[in-house]
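Hi,

Here is the structure I promised to send over. Have a look at it first, and my notes follow below.

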Amino acid sequence: MCEELKDVDYMSAYVDEAAGTSLCSVATGAGCTDKQKDYAAKWAEKPAVEVEAQSVRLTKMLADDAKLKPDAKAWIRQRLAVLKQLASATTPAAAAAEEDEPVAAAEL
């Protein structure tokens, strides 16, 4: 296993797949592939309800992974990581915090 993980790209892909994580930061684009950046840009414009529905759909696809090839499974996990970041950036708490800031500043 040590020989296989010597290659940094392979090791990163393995960690992403095994842990279900991603080095891609949607906010900055750091660590993202062009494919992930395009996907994030597409879904950043969508309402939170649609993002959540897509997340549920991909999760169901991942649950039935017997039919998926490894590269398809990896892409689903990458998309889920992107959607998770987009959802956390637009949570009601984050939106409320954004709304509170201008109000608090206006009251001063």
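Where in the protein chain is confidence lowest, and where is it highest? This is a predicted model, so that is a good place to start. The low end is helix α5 (residues 92–107), with a mean pLDDT of 44, while α2 has the highest, at 95. Across the protein chain the average is 78, and 64% of the residues score at least 70. Over residues 93–108 pLDDT stays under 50, and for that stretch the model has 2 contacts beyond four places in sequence.

Now to α2, which spans residues 34–44. Its buried residues are Gln36, Tyr39, Ala40 and Trp43. They sit on the same side of α2, because the arc they cover around the axis is only 100°. Asp34 and Asp38 are exposed, on the face turned away from that buried side. As for partners, the buried residues of α2 pack against α3 (48–63) and α4 (70–89).

That brings me to the core. The largest nonpolar core has 12 residues, among them Tyr39, Ala40 and Trp43, along with Val51, Leu58, Trp75 and Leu80. Each of α2, α3 and α4 supplies at least two residues of this core, and α4 gives the most, with 6 residues.

If you want one residue to click on, try leucine 80. Setting aside its neighbours within four places in sequence, leucine 80 is in contact with Ser55, Leu58, Thr59 and Leu62. Of these contacts, Leu58 and Leu62 are also listed in the core.

Cheers

Key
Residues numbered from 1 in each chain as written. Predicted model: local features only at pLDDT ≥ 70, side-chain atom pairs only at ≥ 80, totals over all residues. Heavy atoms only, no water. Buried < 20%, exposed > 50% of the residue type's maximum accessible area, 1.4 Å probe, protein only. Helix = DSSP H or I, 4+ residues; strand = E, 2+ residues; numbered from the N terminus. Arc of directions from axis to C-beta. Contact = heavy atoms within 4.5 Å. pLDDT = per-residue confidence, 0-100. Core = buried A, V, L, I, M, F, W, Y, C linked by side-chain atoms within 4.5 Å.
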